[in-house]
Amino acid sequence: MDIHHETVSSLLQAIQAENPVISSYMLDDSMDNHALFDCLRSHYQEIMKRDFPTAWAYYTGEDRNEAAFFRLTWRAFAFIRIMDYLDHEGSSYVDGNLQGQTVVSNPIALTRKLFRGEPCEVHLDFILDVLHLLRQLNGKEIQDIPSRSQVIEWMDRHPSGLDPEVVAWREKNKRRIMVLLVERIRKENSGAKASATYRFKEGLDDADALRQVEKWWNEDRFHLRYAVRSTAEVNRYLDSSVDAQTLRIMGDAEERGIPVFATPYFLSLIDTRPVSEREHPFADEALRSYLFYSQDLVDEFGNINAWEKEDVVEPGKPNEAGWILPSHNIHRRYPNVAIFIPDTMGRACGGLCAYCQRMYDFQNGRFNFDLDKLRPKKTWSEILHESMVYFRTDPFLEDILITGGDALMSSVSSLKQVLDAVLKMARDKKRDNEVRLPEERLAEFRRVRLGTKLPIYLPQRVTKELVAVLEQFRLDAKEIGISQCIIQTHFSSAMEVSVDSAKAVRRLLDAGWAVTNQEVFTVAASRRGHTAKLRQVLNDIGVLPYYTFTVKGFKENRELFANNPRSMQEQNEEKSIGRVDYRYHSTLRSFIADAPNMVEHIESIRSADEVPFLATDRNTINLPGVGKSNTYRTIGLTSDGRRILEFEFDHTRPHSLVIEKMGSVVIIESKSVAHYLRQLQQMGEDPAEYASIWGYSAGRLEARSTVFEGMSK
Ligand code: SF4
């Protein structure tokens, strides 16, 4: 056993003492394992039928709708879970975290071995999970829902990038980085790397050079030109504050071929002071966690498996979700919406997030940060045309999500070219319908979205020139029935909301584009109150939270992955204080169409309903094949304590037939709940505040907020 003997013994003694009936079954030598499983099944079945009929009906599928789920009690979840364990005992699963090795779920047989003192390879985290399950079953652990004031106290622990103290230390960072940039530009001025745009006049003194750099700081191209591309440089720009272990991992990452790319602006958001001198020691942890790579990522790089297989596109062949696509520029999972990836600079981003799914493509050399090579090629206009034909002739598509990389990385002229093509396509599709019989008409376009993280990485990119193009597009689009123009961004921390990013969001809203947010729920972002605070600060600047996404991926993203039970806990215990009363739902419906007044709209509901934020987002995960879902049950446990979850696809939205037939997908989490809690502890969190996490063994995708009514989910 790879665990501390005494801890194991005392945990096992506690389990046996607390559960005498189960223990007696486990220790009964007259029963082999199969007889034991049957005996336990009858035991739990009897209790469920008698004392938990709702849980029994949910477990058997007799009544498994949303209302039934929300009627389940804390103990009921434990009964469903133990029955699911019994039903799947001995089942094997391919574990993407172990390069496709097969793992077997046998928590009952392993627990029996432990009780009997027989040799078995289990991790302490396995025993902890079993202990908590049994305590939930026997009623020893009850659910303690935190009060609203407790949640607000948690929220207050996390500062925002708009707080004066944060603005002040970031200003100092900016000044320090500008000095480095002056040095760098001076050095380059005299060599082959000299920029035609960013060069100092002969004889410019340091004070004037600094003033010049300060002006350039407001230009997006300046930040891209002087983006930092090596670990040594990142450390220099962070005032040599990066610890030795992180430097070593980053160095190894570079050697393995993982790009490093960070704008001076983004680096100015990181607190470089010693932890002991900070007002909030771990305030920027969520930003650091995607700036710096993990040992797991370095180890797995080269062997990363694609998480979302429907993103693997072979022209002419159906993808994982059953759609035949013309090129790699279009990705599609659902009937009514498709993603369009232009062959422009939009394939790049303003930074590289450690959790990015495109690590899969970086390892294959398909992507890079060579911005010059990403300029559109001659064939691009043909590809754009072909892609638009696909959208125009498809019977279901009514929603286009333009991403990349990052849609706003495209130059303004490239983006305009794409938007013009979309407008023409939507207009043509509408016109085509005029000569069709009503029953033969194709879905017409109603929504255009742009996916971008630039308000976080490079808010300077949201220029007056860009918003002028966006505004004109919105006005033209409205004429042909496209009523929703939306910027979909990716804030994961209130610390990413800076004065500059708030200004960028304001410009987008003024151009009539609503701004929605998709958070990535990393370990740092999953701390108590962190996401609730983010929702509040986003609402302050006029952004509507849309999704809170669990980190995708296998072992390469283990460091960042916050377990699914934490997502459910956040949904139930923190987000719930922002639930909008039913009587305001009809008011919410009009918000998206009136983006310039979004701040006032949001505020009107927050003050009327006395909620700190509008809980308009859904906690969910994007799953291979089945797409977004949070409807799952825990059906097994690996010997190292990782939970095995079975997800159903979201029945409330249309899917292709392939997905409807697939039905469900099994995911093995990349780490145990205990592992996750240890990580939180290292960030200064108290695991006791997360105690109920153990009991969240099932989930249900929430209903979509009415604010997004009419939007594809
Ligand atoms: S912004 Fe999105 S696409 Fe770009 S690096 Fe981050 S996760 Fe990847």
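Select helix H2 (residues 20-27) and helix H7 (residues 107-115) of this predicted model; their axes come within 9 Å and cross at roughly 85°. Helices here are DSSP runs (H or I) of at least four residues, strands (E) are runs of at least two, and both are numbered from the N terminus. The axes are lines fitted to C-alpha atoms, for helices over the stretch in contact, and angles run from 0 to 180 degrees between N-to-C directions. H2 and H7 are therefore roughly perpendicular to each other (65 to 115 degrees; under 35 counts as roughly parallel, over 145 as roughly antiparallel, and the rest as oblique). Show the side chains of Ser-23, Tyr-25, Met-26 and Leu-27 in H2, and of Ile-108, Thr-111, Arg-112 and Phe-115 in H7; these residues make the contact (heavy atoms within 4.5 Å). Five of these contact residues are nonpolar, two polar and one charged. In this grouping, Ala, Val, Leu, Ile, Met, Phe, Trp, Tyr, Cys and Pro count as nonpolar, Asp, Glu, Lys and Arg as charged, and the others, Gly among them, as polar.

Two conventions apply throughout the tour. Residues are numbered from 1 along each chain as its sequence is written, and side-chain values use heavy atoms, with hydrogens and water left out. As the model is a predicted one, local features need pLDDT of at least 70 and side-chain atom pairs count only at pLDDT 80 or more, while totals for chains, interfaces and linings use all residues.

Next, select the lining of the largest cavity, which has a volume of about 110 Å³. On a 1 Å grid over the protein atoms alone, a cavity is a set of points where a 1.4 Å probe fits but cannot get out; a pocket is an open set with protein on both sides within 12 Å along at least five of seven lines, and lining residues have an atom within 4 Å of a point. Grid points are joined across faces, edges and corners, and a volume is the space filled by probe spheres set on the points. H2, helix H3 (33-51), helix H6 (74-88), H7 and helix H8 (124-137) each supply at least two lining residues. Among the lining residues are Met-26, Ile-108 and Thr-111. The lining comprises 11 nonpolar residues, one polar and no charged.

Keep H8 in view and add H29; their axes come within 8 Å and cross at roughly 100°. That makes H8 roughly perpendicular to H29. Asp-125, Leu-128 and Asp-129 of H8 meet Val-673, Ala-674, His-675 and Arg-678 of H29.

Helix H29 (673-682) also leads to the second largest pocket, where H29, helix H14 (244-256), helix H16 (285-291) and helix H17 (295-300) each supply at least two lining residues. The volume of this pocket is about 910 Å³. Of its 34 lining residues, Asp-243, Thr-246, Glu-285, Phe-292 and Glu-559 lie nearest the centre.

Finally, select the residues around the ligand: Cys-349, Gly-351, Leu-352, Cys-353, Tyr-355, Cys-356, Arg-358, Gly-405 and Lys-453 (each with a heavy atom within 4 Å of it). This shell has five nonpolar, two polar and two charged residues. Centre the view on Gly-405, in the loop between strand E5 (399-402) and helix H20 (412-434). A cis peptide bond, with omega about 25°, joins Gly-404 and Gly-405.
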